There are 2 protein chains.
Amino acid sequence: MPTPYTSTKVESVQRTVDVAIVEDNKRYVNELSLLLSNSPNIKINGCYTSGSEAVEQIRKKKPDVVLIDIGLPDISGVEVIKQISNNGCSTEFLVLTVYDDDKHLFEALQAGAVGYIVKGTTSPEEIEAAIFDVIDGGAPMSRDIAKRVIETFRVNSSSQPKTKFDDLTKRELQILEYISHGYNTRKVAEELYISYETVRTHLKNIYQKLHVHTLVEAILLFKSR
Amino acid sequence: MPTPYTSTKVESVQRTVDVAIVEDNKRYVNELSLLLSNSPNIKINGCYTSGSEAVEQIRKKKPDVVLIDIGLPDISGVEVIKQISNNGCSTEFLVLTVYDDDKHLFEALQAGAVGYIVKGTTSPEEIEAAIFDVIDGGAPMSRDIAKRVIETFRVNSSSQPKTKFDDLTKRELQILEYISHGYNTRKVAEELYISYETVRTHLKNIYQKLHVHTLVEAILLFKSR
DNA sequence: ATTTGAATTCCACATTTGGGGTATTTTACG
DNA sequence: CGTAAAATACCCCAAATGTGGAATTCAAAT
């Protein structure tokens with residue numbers, strides 16, 4: 001039971017999908033394009049072995065889905081994605097790569113990739129399913145990729161290394177909250193119905209606890225907490 | 001060809017998986033637990049209809065996977081996840097909910113859920129597959145959920161609405177950069193080998209362009225640019 | 001060749017911050 | 001009930017910031 005990626009209802013796609021491949025390994029391109037051509041609903045729209053060529057041609061031919069490698073000879077795949085998806089076209093990018101690390105993963109996602117599949121851990125049939133998934137509005141990912149993506153949302157919950165902010169009192173945190181929304185000391189005082197001098201006292205105590213000397217430093221810490 | 005979520009190699013799981021269900025709709029619980037019991041490798045470890053009961057029992061019985069609803073009568077499912085996963089235990093949470101909105105999704109992920117499945121769009125078989133996927137280190141998500149998760153990584157790339165920061169000169173941006181690292185005006189001047197007054201002039205111009213009146217406001221804008 | 005924008009420097013003045021106190025009232029907890 | 005922590009408030013002084021104006025240099029564009 002090979003279960004490919006984040007997909008359901010693959011059979012709902014009826015029209016032909018134009019697929020482009022960007023990949024410098026020609027053997028791999030041949031193999032993949034041959035396999036995908038066999039699928040009745042996929043049409044290979046173009047294969048490119050360099051980034052610049054890809055940018056140019058994809059802009060022109062507007063395929064539905066682009067399978068793209070990150071490690072290209074000239075400009076990186078990430079750059080290709082950025083340049084093309086900036087143009088507001090509807091082409092979707094599915095990254096197909098050997099880079100199984102967070103750096104490349106998140107760069108690609110930020111650039112605008114909708115899916116990220118690690119070569120090797122993935123059969124050609126699964127790639128085919130992933131393409132349909134993209135068309136169908138999905139976001140196909142290799143299994144461990146999905147896990148890592150999910151994990152970036154997890155706040156460092158399980159017993160944090162005890163931040164300096166734990167020492168701050170409710171009131172102190174509250175004041176930082178206001179300050180970090182652009183309120184100055186006087187405004188905070190008004191907002192909390194306490195005296196200006198009291199806010200200043202709290203700020204002094206905050207500085208001591210956070211080991212900083214200015215509002216800006218405190219806010220920067222607070223924001224990155 | 002029902003293809004369930006972000007999973008591969010489901011058959012690799014051999015041991016029995018202890019599953020708990022937290023869900024206030026009793027009909028749904030019955031249906032689901034019956035169905036899951038049929039699976040040879042799943043053992044229902046407990047069913048709870050309230051958050052507080054769930055926290056208590058799950059802490060004690062430590063199931064492998066918890067299927068959890070978000071909308072519970074007392075404390076929310078998100079809170080349950082937070083409380084339990086803070087204890088550094090190995091129980092994984094798979095959210096099973098009707099809330100198909102970003103707010104609940106990201107709250108759950110931040111709390112520590114590894115998967116998020118929307119009821120209704122998902123068959124019981126797929127839920128079963130998702131459980132194995134979790135055990136196998138995966139992160140099962142409904143298809144459109146995966147898409148939304150991916151999209152949060154996408155920087156607002158396609159032709160931004162022209163930010164105020166476009167008006168800033170190189171030098172001005174450079175100064176903001178330093179300030180946003182905690183440097184005060186004097187330090188910036190030292191660092192850039194220019195006069196203190198010059199930095200102040202630049203700051204004045206920055207304030208005008210950004211329509212702010214304090215360093216903190218400027219930094220906050222800059223940081224969220 | 002002239003204009004323009006960017007970067008630079010300086011002055012002056014009012015306000016806000018940063019840092020040092022001290023002191024009273026609330027609140028929380030054993 | 002007593003005590004400690006938190007929250008409140010005020011004073012002072014030095015330093016930094018916010019705001020106004022003015023002037024010079026330099027490179028790039030018209």
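# Two chains on two DNA strands

In this predicted model, a backbone N or O atom of S195(A) lies 2.4 Å from a phosphate oxygen of DNA strand D.

User: Which residues come nearest to DNA strand D?

Analyst: T169(A), S195(A), R200(B), K204(B) and Y207(B) do, out of 20 residues around DNA strand D. Of the strand D atoms that come within 4 Å of the protein, 53% belong to sugar and phosphate.

User: What about the bases of strand D? Which side chains have an N or O atom by a base atom?

Analyst: K204(B) is one of them. An N or O atom in the K204(B) side chain is 2.3 Å from a base oxygen of DNA strand D. T201(A) is another. A polar atom of its side chain lies 3.3 Å from a base nitrogen of DNA strand D.

User: Which helices supply the surface near strand D?

Analyst: Chain A offers α7 (170-179) and α9, and chain B offers α8 (185-192) and α9. Each of these supplies at least two residues. The largest share comes from α9(A), with 5 residues.

User: How does that surface divide by class?

Analyst: Near DNA strand D there are 4 nonpolar, 9 polar and 7 charged residues.

User: OK, over to strand C. Which residues come nearest there?

Analyst: R200(A), K204(A), Y207(A), T169(B) and S195(B) come nearest, among 20 residues around DNA strand C. Sugar and phosphate make up 58% of the strand C atoms that come within 4 Å of the protein.

User: Which side chains have polar atoms by the phosphate oxygens of strand C?

Analyst: R186(A) and H213(A) are among them. For H213(A), a polar side-chain atom is 2.7 Å from a phosphate oxygen of DNA strand C. For R186(A), an N or O atom of the side chain is 3.1 Å from a phosphate oxygen of that strand.

User: And which side chain is 3.2 Å from a base oxygen of strand C?

Analyst: That is T201(B), through an N or O atom of its side chain.

User: What supplies the surface near strand C?

Analyst: Helices α8 (185-192) and α9 (196-210) of chain A do, together with α7 (170-179) and α9 (196-210) of chain B. Each gives at least two residues. The most comes from α9(B), with 5 residues. By class, this surface has 4 nonpolar, 9 polar and 7 charged residues.

User: Switching to the protein. How do α7(A) and α9(A) cross?

Analyst: Their axes come within 10 Å and cross at roughly 100°. Angles of 65 to 115 degrees count as roughly perpendicular, so α7(A) and α9(A) are roughly perpendicular to each other.

User: Which residues of α7(A) and α9(A) meet?

Analyst: From α7(A), they are R171(A), E172(A), I175(A) and L176(A). From α9(A), they are V199(A), H202(A), L203(A), N205(A), I206(A), K209(A) and L210(A). The residues of this contact divide into 6 nonpolar, 2 polar and 3 charged.

User: Now chain B. Is H202(B) buried or exposed?

Analyst: H202(B) is buried, with a relative accessible area of 17%. The cut-off for buried is under 20%. H202(B) lies in helix α9 of chain B.

User: What is H202(B) in contact with?

Analyst: Leaving aside neighbours within four places in sequence, H202(B) is in contact with R171(B), E172(B) and I175(B).

User: Which residues of α10(A) are buried?

Analyst: In α10 of chain A, residues 215-223, the buried residues are V216(A), A218(A), I219(A), L220(A) and F222(A).

User: What do they pack against?

Analyst: Both chains take part. The buried residues of α10(A) pack against α7 and α9 of chain A, together with α7 and α10 (215-223) of chain B.

User: One more pair. How do α4(B) and α6(B) cross?

Analyst: Helix α4 (residues 102-111) and helix α6 (residues 143-151) of chain B cross at roughly 75°, and their axes come within 11 Å. They are therefore roughly perpendicular to each other.

User: Which residues make that contact?

Analyst: D102(B), L105(B), F106(B) and L109(B) of α4(B) do, with I145(B), R148(B) and V149(B) of α6(B). They divide into 5 nonpolar, no polar and 2 charged.

User: Last one, chain A overall. How many helices and strands?

Analyst: Chain A has 10 helices and 5 strands. Of its 225 residues, 49% count as buried. Among chain A contacts between residues at least 6 apart in sequence, 67% join residues at least 24 apart.

Key:
Residues are numbered from 1 along each chain as its sequence is written. Chains are lettered from A and ligands numbered from 1 in the order in which they are written. This is a predicted model: local features need pLDDT of at least 70, side-chain atom pairs count only at pLDDT 80 or more; totals for chains, interfaces and linings use all residues. Side-chain values use heavy atoms; hydrogens and water are left out. A residue is near a molecule or strand if one of its heavy atoms lies within 4 Å of it. A polar contact is a pair of N or O atoms within 3.5 Å; within protein, one must be able to donate a hydrogen and the other to accept it, and residues adjacent in sequence count only if both atoms are side-chain atoms. Helices (H or I, at least four residues) and strands (E, at least two) are DSSP runs, numbered from the N terminus. Ala, Val, Leu, Ile, Met, Phe, Trp, Tyr, Cys and Pro count as nonpolar, Asp, Glu, Lys and Arg as charged, and the others, Gly among them, as polar. Axes are lines fitted to C-alpha atoms, for helices over the stretch in contact, and angles run from 0 to 180 degrees between N-to-C directions. Angles under 35 degrees count as roughly parallel, over 145 as roughly antiparallel, 65 to 115 as roughly perpendicular and the rest as oblique. Contact means heavy atoms within 4.5 Å. Buried means under 20% relative accessible area, exposed over 50%, partly exposed in between (1.4 Å probe, protein chains only).
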